[in-house]
Amino acid sequence: MPATPERQTVDIDGHRLVLTHLDRVVFPATGHTKAQLLHYYAQIAPALVPHAAGRPASFVRAPDGPGGQRWFAKRPPNGTPEWATTTEAGVHEPETYVVVDSTATVVAMANLGAYEIHVPQWTVASGPDAHDRLVLDLDPGDGADLVLCCRVAERLRQLLDDDDLAAYPVTSGSKGLHLYAPLEPDTPEAAAVGYAKALAVRLQGEHPGLVVATMNRSARPGKVFIDWSQNASAKTTACPYTLRLRDRPTVASPVTWDEIAACRDPAELFFAPEDVLARVAAHGDPLAALASGTGRGRLP
């Protein structure tokens with residue numbers, strides 16, 4: 001099949017993919033085309049896949065970009081290649097999920113307009129009641145911002161360190177920040193949720209004017225909500241390195257604690273796909289230890 005501006009056949013990991021609508025402008029605000037987004041995913045996949053492999057993936061699909069129709073898809077999208085790894089998993093009853101375990105799968109899903117990848121804090125092998133990661137989702141309410149999230153994250157890092165847990169920061173690619181900590185892969189859901197909630201409540205007690213731990217949205221303006229509920233087995237979090245469907249293409253990007261400490265403007269920690277590729281090319285994946293399970297800890 002000859003290549004055209006709209007269509008091209010490629011071979012990735014020994015799999016034949018027909019990439020379509022390559023000249024479609026997905027992000028009008030920046031002019032990013034589908035071809036550019038597929039290029040990003042093909043290049044970043046070696047860093048992304050270790051954070052998604054072995055986990056049942058869900059996707060936010062938006063074939064026409066953030067201005068068009070979008071929906072959250074758990075089941076494999078129509079058009080998923082037969083060679084893509086799928087699995088039966090679930091909290092209440094088994095469902096079929098795609099497992100993002102190769103560059104070819106990453107690109108194939110993005111080719112179907114599944115631009116956001118979300119995964120839980122447990123693997124298929126261990127099951128939904130055996131978490132291997134803790135996550136704290138710092139979400140700024142109206143009047144708060146990413147800078148305040150960084151200050152809250154620094155305090156959370158201290159508390160995690162007190163419990164011999166390593167903390168790794170990742171921008172959400174939206175307004176906030178995610179903190180991950182590797183756990184021994186037999187951590188029950190209830191223990192992960194309970195520990196995360198206790199941290200959130202403690203921070204709210206220390207800084208009631210800046211932090212909130214309640215699900216009540218009316219309590220969030222001017223404060224950072226520490227979403228501890230992301231540790232529930234039924235919930236998923238944006239996978240590190242996934243694109244986010246905002247007005248402009250941003251990425252859930254791992255950052256260093258030096259960058260967190262230095263942040264004085266939210267723009268300092270917003271990264272476009274090209275920025276992230278350059279960061280990884282220069283410094284590797286600062287989140288590699290999380291993916292490998294290095295320094296796994298046990299909850300107190």
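In this predicted model, Tyr241 lies in the loop between strands β15 (237-238) and β16 (243-245). The phi angle of Tyr241 is near 80°, a positive value in a residue other than glycine. Tyr241 has a relative accessibility of 1%, and because buried residues are those under 20%, Tyr241 counts as buried.

A second residue with a backbone angle of this kind is found in another loop. His21 is placed between β2 (15-20) and β3 (25-27), and its phi is near 55°, again a positive value in a residue that is not glycine. For His21 the relative accessible area is 39%. Since the partly exposed class covers the range between under 20% and over 50%, His21 is described as partly exposed.

The model also contains a pair of helices in contact. Helix α3 spans residues 146-162 and helix α4 spans residues 189-206; their axes come within 11 Å and cross at roughly 125°. An angle over 145 degrees would count as roughly antiparallel and one of 65 to 115 as roughly perpendicular; α3 and α4 are therefore oblique to each other. The crossing in which α3 passes α4 is right-handed.

On the α3 side, the contact is made by Arg155, Leu156, Leu159 and Leu160, while α4 contributes Tyr195, Leu199, Arg202, Leu203 and Glu206. Sorted by class, this contact of α3 with α4 has six nonpolar residues and three charged ones, with no polar residues.

How values were computed
Residues are numbered from 1 along each chain as its sequence is written. This is a predicted model: local features need pLDDT of at least 70, side-chain atom pairs count only at pLDDT 80 or more; totals for chains, interfaces and linings use all residues. Side-chain values use heavy atoms; hydrogens and water are left out. Helices (H or I, at least four residues) and strands (E, at least two) are DSSP runs, numbered from the N terminus. Buried means under 20% relative accessible area, exposed over 50%, partly exposed in between (1.4 Å probe, protein chains only). Axes are lines fitted to C-alpha atoms, for helices over the stretch in contact, and angles run from 0 to 180 degrees between N-to-C directions. Angles under 35 degrees count as roughly parallel, over 145 as roughly antiparallel, 65 to 115 as roughly perpendicular and the rest as oblique. A crossing is left-handed if the near helix is turned anticlockwise from the far one by less than a right angle, and right-handed if clockwise. Contact means heavy atoms within 4.5 Å. Ala, Val, Leu, Ile, Met, Phe, Trp, Tyr, Cys and Pro count as nonpolar, Asp, Glu, Lys and Arg as charged, and the others, Gly among them, as polar.
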